[in-house]
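Here is a short briefing to read alongside the structure. Keep the viewer open and follow the topics one by one.

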Amino acid sequence: MDSFIIEGGRPLKGTLRVSGSKNAALPILIATLLTDEACEIDNVPNLRDIRTTFRLLESLGKRIEYDGDAVRVLARGRLETRAPYEIVKQMRASVLVAGPLLGRFGTVRVPIPGGCAIGMRPIDIHISGFKALGATEHEETGDAVLKAARLKGRRVRLRFPSVGATENLMMAACLASGTTVISNAAQEPEIEDLGAFLNKMGGEVIGAGTGVVTVKGDRRLRGGQHAVIPDRVETGTLLLAVAATGGSARLEGACADHLKAVLDKLSAAGGRIRSGYGFIDVSMASRPKAVGIKTLPHPGFPTDLQAPWMSLMCLARGSCLVVETVFENRYLHAGELVRMGAGIQVRGSVARVSGRPSLSGAPVMASDIRGGAALVVAALAAHGKTKIQRVYHIDRGYERLEVRLRRLGARIRRVRE
Ligand code: EPZ
């Protein structure tokens, strides 16, 4: 198992190019199940979850070729309609194969993902959406078995704007008969990107990235080529790392429009932000001001940046509240930050963060992707040496993070044990 050793207290400085978005690439790669024609997806990050997606697609009958960040997905033969538990248990997003396979073949069997470190994460919104389109569902030995002679376009209102359920239904609805209107849909930029790809494949998806998505069905989808949007969560994590160390940097390829809520909060905390087409500059000249956040579905403050924001606030002047409303258990990093000298008290979904002039290095442990990234942010700012164990969590969402941070002057190395 790998660990990071970080010697903190050095301002990050320089220029770095951000990667393609993991959470946009995953559903887009899975959408290739809607066709037998070749698809080319560019700007795909080289991450563990992406490699797991390749294995998932291969297990279902696709062939994958990749060269750098360009991925080709090709047909190999007849597709399977059963997703293997061995893969689903490693990556919950595997459940997104349900929509394309159900839409195409009228049947699919997907293991119901269990809870994970950050919450129970049921898939009831996906299932009730499929049922609204005319599917039946029953459960068998831990799998959801969905069937529909032909899905029918309908009006579907989601009880919560779930990112995954919106994506699953958009893909299924392309092959349904008639028009589907998904209201209270998730509005994340990754959904807009999936909609753009589906349209390149010959779909007709209108309003992806807004609260109401209309999908005209009865389509036969073709192959398509698409470049994935930049990763807003990686961008946000890097911005917060630069700010926490009192540094200044340019993130190339980053999209400020996708990060408005975070950039507003970072400015309020004293960060200087300048952005233009394809870049964001950030600098932080003094200790940040304490600024509270409440996570919400997009365009609210993203839950995926709650943990790195908390690391920044550990160093703020004053105290503030962090409120997590999207996941029920996303404060696993808080106890580890306290080990580094942070002042954090958690009660249910609310954390009070009392800023301190400095943090100190300590041995800590990552327990989920973003919580792990938050420990990196804190360690880069802390005095002394931090060892972060279980880096495999961080590797799921950040490509060679240590190599890239070194380009900004960080003292960070990976050790194998
Ligand atoms: C996506 O997960 C992202 N993953 C997550 O990123 C992100 O944190 C999350 O959206 C919220 O922005 C991918 O895109 C691969 P949801 P997803 O369905 O689709 C509840 C990361 O760190 N819910 O919007 O699983 C659920 O339990 C990951 O990169 C139901 O109750 O998120 C959660 O509390 C972590 N029933 C909330 O909704 C359902 O059927 C949001 O889940 C579906 C969801």
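How far is an oxygen atom of the ligand from an N or O atom in the side chain of R330? The separation is 3.3 Å. This is a predicted model, with its chain divided into domain 1 (2-19 + 230-416) and domain 2 (22-227). Both domains give residues to the shell around the ligand, so the ligand lies between them.

**Polar contacts of the ligand**

- The side chain of D304 has an N or O atom 2.6 Å from an oxygen atom of the ligand.
- At G164 the partner belongs to the backbone: a polar atom there is 2.8 Å from a ligand oxygen.
- On its own the ligand has 820 Å² of accessible area, and the protein covers 87% of that.

**The shell around the ligand**

- There are 22 residues around the ligand, and those that come nearest are I125, S162, D304, V326 and R370.
- D304 therefore appears twice in this picture, as one of the nearest residues and as a polar partner of a ligand oxygen through its side chain, while the shell itself draws on both domains, so the ligand sits between them.
- By residue class, the shell holds 10 nonpolar, five polar and seven charged residues.

**How the two domains meet**

- Between the C-alpha centres of domain 1 and domain 2 there are 30 Å.
- Contacts across the boundary involve 24 residues of domain 1 and 21 residues of domain 2.
- About 1900 Å² is buried between domain 1 and domain 2, and carbon and sulfur atoms give 53% of this area.
- Of the area that domain 1 buries against domain 2, 30% is supplied by H298, R396 and E399, more than any other three residues.

**From H298 to A261**

- H298, one of the three residues just named, is also the start of a cis peptide bond, which leads to P299 and has an omega near 10°.
- P299 is placed in the loop between β17 (293-294) and α10 (306-313).
- Which residues does A261 touch, leaving aside those up to four places away in sequence? They are P299, G300 and F301.
- A261 itself is part of helix α9 (residues 260-268).
- For a distance to try in the viewer, take the C-alpha atoms of A261 and C116: they are 27 Å apart, with these positions 145 residues apart along the chain.

**A backbone angle to look at**

- R390 is not a glycine, yet its phi is positive, at about 60°.
- Where is R390 placed? R390 is in the loop between β22 (385-389) and α13 (392-395).

Note on methods: Residues numbered from 1 in each chain as written. Predicted model: local features only at pLDDT ≥ 70, side-chain atom pairs only at ≥ 80, totals over all residues. Heavy atoms only, no water. Near = heavy atom within 4 Å. Polar contact = N/O pair within 3.5 Å; in protein donor to acceptor, adjacent residues only side chain to side chain. Areas by Shrake-Rupley, 256 points an atom, 1.4 Å probe, with all protein chains shown as cover. Nonpolar A, V, L, I, M, F, W, Y, C, P; charged D, E, K, R; others polar. Domains from an automatic or database assignment. Contact = heavy atoms within 4.5 Å. Buried area = accessible area lost by both parts, 1.4 Å probe. Helix = DSSP H or I, 4+ residues; strand = E, 2+ residues; numbered from the N terminus.
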